[in-house]
Each structure stands twice: as structure tokens, then as C-alpha cells.
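These entries record what I looked up, beginning with the whole chain and ending with individual residues.

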Amino acid sequence: QLRLVESGGGLVQPGGSLRLSCAASGGNLRGYAIGWFRQAPGKAREGVSCISTGGGITNYADSVKGRFTISRDNVQNTVYLQMSSLKPEDIAVYYCAADYLSTSCRGTYWGRGTQVTVSS
């Protein structure tokens with residue numbers, strides 16, 4: 001069974017940076033598009049970024065474009081989200097999700113999430 005585990009969340013000051021990791025076990029991420037989603041308190045889940053199976057195609061929400069970068073290492077079986085210039089509006093639980101043989105990130109397999117808090 002494919003399992004996804006997020007890590008790297010924490011508390012940072014506005015303008016700070018974090019790198020989130022999504023590590024897979026029980027399966028190989030090759031063949032899966034991987035997306036990052038987030039859910040802020042009192043708000044609906046929203047898509048943040050998506051990366052294709054080989055990493056050649058990436059997409060970002062307008063709210064994070066230019067600040068966040070998604071990447072993947074299929075040898076390490078891990079996907080990353082590098083977050084810079086963090087703002088209080090980025091506060092949320094961040095989830096990664098995998099979709100097999102898909103060009104879009106819809107969320108078939110999910111991790112449990114990691115909390116990101118931005119506060120001075």
C-alpha cells in the first residue's frame with residue numbers, strides 16, 4: 001500500500017522559508033503526479049502546486065507563484081515544496097497527494113499533513 005508522509009512544517013517569522021517533504025513508502029512514486037494542497041483554519045482545501053510524473057511540468061496557484069517551488073526526486077521517492085517569503089496568509093495544514101498515471105492533481109492517495117505557522 002502506498003503511504004505518504006509529510007514533514008518539514010513548523011513555526012517561522014513572516015518572510016521566512018521552509019522546505020516541506022513528502023516521502024513515499026510501500027510503493028514507488030514513479031508514475032504518479034504529485035500535488036500539494038493546503039487547508040487554512042475556517043477555509044476550504046485549496047490546491048497549491050502540482051508536478052508531473054517526471055517533473056517536467058509544474059503548476060502553481062497564483063497566490064504562491066514566484067514564492068514556492070515544487071520538485072521531485074524519484075530515486076529518493078520524495079517530493080518537495082520549497083516555500084519562501086512566507087506570509088501569515090500561508091498558515092495552513094499542508095498535504096501531499098498522489099494520482100497514478102494522471103496529468104492533474106486530484107488527490108487519490110493522501111498524507112496526513114504538516115502544520116505551517118507564520119507569526120512574528
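**Entry 1: Overall fold**

I counted the secondary structure elements first and found zero helices and 11 strands in the protein chain. The model I am reading is a predicted one. Followed along the sequence, the chain gives the pattern β-β-β-β-β-β-β-β-β-β-β.

I then asked how the radius of gyration of the protein chain compares with that of a compact globule. For 120 residues such a globule would come near 14 Å, and the protein chain has 13 Å, so the two agree. I also noted the span of the C-alpha trace along its principal axes, about 40 × 25 × 25 Å.

**Entry 2: Burial, contacts and charge**

I looked up burial next: 42% of the 120 residues count as buried. For contacts with a separation of 6 or more, I found that 56% join residues 24 or more positions apart.

The exposed area of the protein chain is about 6,400 Å², and carbon and sulfur atoms supply 45% of it. I recorded 12 positive and 7 negative side chains. The centres of these two sets lie 4 Å apart.

**Entry 3: Backbone angles at N77 and S85**

I turned to phi, with the general expectation in mind that most residues other than glycine have a negative value. Which sign does phi take at N77? I found it positive, about 60 degrees, although N77 is not a glycine. N77 sits in the loop that runs between β7 (68-73) and β8 (78-83). With a relative accessible area of 12%, N77 is buried, because the cut-off for that class is under 20%.

S85 is another entry of this kind: its phi is near 50 degrees, a positive value in a residue other than glycine. I placed S85 in the loop between β8 and β9 (92-100). Is S85 buried or partly exposed? Its relative accessible area is 41%, so I noted S85 as partly exposed.

**Entry 4: T78 in strand β8**

I next examined T78, which belongs to strand β8. At 9% relative accessibility, T78 counts as buried. What does the side chain of T78 reach? I found the backbone oxygen of Q76 at 3.0 Å from it.

Setting aside neighbours within four places in sequence, I listed the contacts of T78 as S21, C22, A23, L29, R72 and D73. I also checked I34, which is 44 residues from T78 along the chain; the C-alpha atoms of the two are separated by 9.8 Å.

**Entry 5: R67 and its partners**

My last lookup was R67, found in the loop between β6 (58-60) and β7. Is R67 buried or exposed? Its relative accessible area is 13%, and R67 is therefore buried.

I recorded two partners for the side chain of R67. One is the backbone oxygen of S85, reached at 3.0 Å. The other is the side chain of D90, with which R67 makes a polar contact at 2.8 Å. S85, noted above for its positive phi, thus reappears here as a partner of R67 through its backbone oxygen.

Which residues does R67 touch, not counting those up to four places away in sequence? I listed Q82, M83, S84, S85, L86, K87 and D90.

Technical notes:
Residues numbered from 1 in each chain as written. Predicted model: local features only at pLDDT ≥ 70, side-chain atom pairs only at ≥ 80, totals over all residues. Heavy atoms only, no water. Helix = DSSP H or I, 4+ residues; strand = E, 2+ residues; numbered from the N terminus. Rg over C-alpha atoms; globule rule 2.2 N^0.38 Å. Buried < 20%, exposed > 50% of the residue type's maximum accessible area, 1.4 Å probe, protein only. Contact = heavy atoms within 4.5 Å. Areas by Shrake-Rupley, 256 points an atom, 1.4 Å probe, with all protein chains shown as cover. Lys, Arg positive; Asp, Glu negative; His and termini not counted. Charge placed at Lys NZ, Arg CZ, Asp CG, Glu CD. Polar contact = N/O pair within 3.5 Å; in protein donor to acceptor, adjacent residues only side chain to side chain.
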